[in-house]
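I set out to look up the aromatic residues and the nonpolar surface of this structure. My entries follow the order in which I consulted the model.

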Amino acid sequence: MPTAPDNHDAYDYAERIRERLPRRHQELRERCGLSMYALWLKCGVSRDTISRVEGGETIPGVHVLARLAWGLGVTLEKFFGGIEDE
């Protein structure tokens, strides 16, 4: 089965989300007044992973995103809410 070209609209949409995710996560964490260490203790996602997410080095899967959102006290809907419009 052929793959979609990189210039596909869905690819562009996904890239915009990927580019904005690190800043969104850091903003939510700081708004909660949590250090990376404190978030690790709260949700069990390692500080190293949190650092890589905020540094744009990795994009977590849904399971890790759900744990991070829970640790930040938001739903996944709120976690991603408005990220498309930034």
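The entries below concern a surface patch and the aromatic pairs of this predicted model.

**Entry 1: the patch.** I first asked which residues make the nonpolar surface patch. I found that Tyr37, Trp40 and Leu41 form it, with an area of about 330 Å². I then located Leu41 in helix α2, which covers residues 36–43. Its relative accessible area is 53%, so I recorded Leu41 as exposed, since exposed means over 50%.

**Entry 2: the aromatic members of the patch.** I noted that Tyr37 and Trp40 also belong to helix α2, where they are three residues apart, about one turn of the helix. Tyr37 has a relative accessible area of 48% and is therefore partly exposed. For Trp40 I read 33%, so Trp40 is partly exposed as well.

**Entry 3: the aromatic pairs.** I next asked how many aromatic pairs there are. The count comes to two. In one of them, Tyr37 and Trp40 are tilted, with 5.3 Å from centre to centre and 55° between the planes.

I then turned to the rings of Phe79 and Phe80, whose centres lie 5.1 Å apart. Their planes stand at 70°, and I therefore entered this pair as edge-to-face, the cut-off being over 60 degrees.

**Entry 4: accessibility of the phenylalanines.** I asked whether Phe79 is buried or exposed. Its relative accessibility is 0%, so Phe79 counts as buried. Its partner Phe80, at 27% relative accessibility, counts as partly exposed.

Methods:
Residues numbered from 1 in each chain as written. Predicted model: local features only at pLDDT ≥ 70, side-chain atom pairs only at ≥ 80, totals over all residues. Heavy atoms only, no water. Patch = residues over 30% accessible without salt bridge, like charges linked within 9 Å, V, L, I, M, F, W, Y side chains within 5 Å. Areas by Shrake-Rupley, 256 points an atom, 1.4 Å probe, with all protein chains shown as cover. Salt bridge = Lys/Arg side-chain N within 4 Å of Asp/Glu carboxyl O. Helix = DSSP H or I, 4+ residues; strand = E, 2+ residues; numbered from the N terminus. Buried < 20%, exposed > 50% of the residue type's maximum accessible area, 1.4 Å probe, protein only. Phe/Tyr/Trp six-rings, centres within 6.5 Å; stacked < 30°, edge-to-face > 60°.
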